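Biologist: Please take a close look at the nonpolar interior of this protein chain. I would like to know which residues sit at its centre and what surrounds them.

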Amino acid sequence: MAKRILVTGGAGFIGSHLVDALVARGYTVRIFDNLDPQVHGSERKPPAYLNPAAELVVGDVRDRVALQKAVEGVSVIFHEAAAVGVGQSMYEIRRYVEVNSLGAANLLDILANERHTVEKLIVASSMSIYGEGKYSCRCCGLVYPKLRPEEQLARQEWEMRCPYCGEVTEAMATDEEKPLFPTSVYAVTKRDHEELCLSFGRAYQLPTVALRYFNVYGPRQALSNPYTGVAAIFSARILNNHPPVIYEDGLQTRDFIHVRDIVQANLLALEKEEANYQVFNVGSGRPQSILHIAEVLLEKLGKKEFLKPEIAYKFRKGDIRHCYADISRIQKSLGFQPQVKFEDGMRELTEWVKHQQATDGFEQAKQQLEQRGLTS
């Protein structure tokens, strides 16, 4: 129990919840975080929620010297640090690759070439690396389609069609064996995270685990960051009395998983040897439409009578239609079971949101995409 643990990105949304849980279990925790202004504000102050029992080291994963110092004396690393945002990654390409791909490379280069005491590495991967989810065609069976043709989307025909016969398909739970087809720069860099760490771990016999997070929600999300999760973006809009804007027809589905269940998965990955060298989906196993998310937030934030979701009937380049998790592997191997019901989690999120202030940056983000031809 005397293990010292490093959490990169430990001042952020997911990382800070993980830090709290590790401290509560008696671990000695060091946080390494650059306090990115897009997440923490222009003054880059440590957030008030940061656990005082953890050591905070302010530094950037792109800075090899600073990162090497942070690694000194730790037994376990949770690599959570990343630049997050699918749309923004399509035009801030260099920054996303530097922070995510080269940041992970920096960490592994240190572990390969410097003396260290690290015994385990757990890396945050993402469902985005799948691209589209898994589908069933009544004529062709299981299929793994890639992007929908733009001509189809221009006709506002949103559902995924079979790549072989053209029939409309049915979405199925996506398991870890589904071929990867990342459709954004962000997704490519998260695949880099996973594959770099796992290949390194196997080569150096350093137990490594990759957790593919689905759509994480909960308190402490950066509401003023217009490139973060959809629940946070919608919440910021609603707080500012603006309608949540939904691309396509709103019936696209994702898998929403509460941050406490993400923490549960990380703790299981830490403490169970069965996790070593494996990849696991971390989701709820339940699809939720984006329109439903907007409606729930409007209701629970008390704005249902004044605001309605705005359906754009437009599409963003690289957006997928459906993807939700098959969580049978992590259930069988590690005993993971989602604990937070969607209804309870959304109630907790909105109670937190009611006491926050947020800048609504959606319109600016939307204009950035439109100016670059990334929406139609």
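Modeller: What follows goes from the chain as a whole to its nonpolar cores, and then to two loop residues. The model is predicted.

The protein chain contains 13 helices and 15 strands. Its radius of gyration is 20 Å, close to the 21 Å that the globule rule gives for 376 residues, so the chain is as compact as a globular protein of that length. Along the principal axes, the C-alpha atoms fill a box of roughly 60 × 50 × 40 Å. Of the 376 residues, 55% are buried. Contacts across the sequence are frequent in the following sense: among those between residues at least 6 apart, 82% join residues at least 24 apart.

Now the interior itself. In soluble globular proteins, nonpolar side chains tend to be buried together. Here the largest nonpolar core has 45 residues. Within this core, L22, F78 and L211 touch the most other members. Helix α9, which spans residues 259-271, gives the most to the core, with eight residues.

L211 can be followed in detail. Leaving aside residues up to four places away in sequence, L211 touches a run of I122, V123, A124, S125 and S126. On the same basis, its contacts also include A265, N266 and A269, and the list is completed by F280 and V282. A second, separate core has 28 residues, among them I77, L108, L198 and V279.

Two buried residues in loops also deserve a look. L35 lies between β2 (28-33) and α2 (37-40). L35 is not a glycine, yet its phi is positive, at about 50 degrees. With a relative accessible area of 3%, L35 is buried. E248 is in the loop between β11 (245-246) and β12 (253-258). Its phi is also positive, about 55 degrees, although E248 is not a glycine. E248 is buried as well, with a relative accessible area of 1%.

Last, the outside and the charges. The protein chain exposes about 16,200 Å², and carbon and sulfur atoms supply 48% of that area. There are 45 positive and 47 negative side chains, and the centres of the two sets lie 0 Å apart.

Methods: Residues are numbered from 1 along each chain as its sequence is written. This is a predicted model: local features need pLDDT of at least 70, side-chain atom pairs count only at pLDDT 80 or more; totals for chains, interfaces and linings use all residues. Side-chain values use heavy atoms; hydrogens and water are left out. Helices (H or I, at least four residues) and strands (E, at least two) are DSSP runs, numbered from the N terminus. The radius of gyration is taken over C-alpha atoms; the globule rule is 2.2 Å times the number of residues to the power 0.38. Buried means under 20% relative accessible area, exposed over 50%, partly exposed in between (1.4 Å probe, protein chains only). Contact means heavy atoms within 4.5 Å. Accessible areas come from the Shrake-Rupley method with a 1.4 Å probe; for residues, only the protein chains shown count as cover. Lys and Arg count as positive and Asp and Glu as negative; His and the chain ends are not counted. The place of a charge is taken as NZ of Lys, CZ of Arg, CG of Asp or CD of Glu. A nonpolar core is a set of buried Ala, Val, Leu, Ile, Met, Phe, Trp, Tyr and Cys residues joined through side-chain atoms within 4.5 Å.
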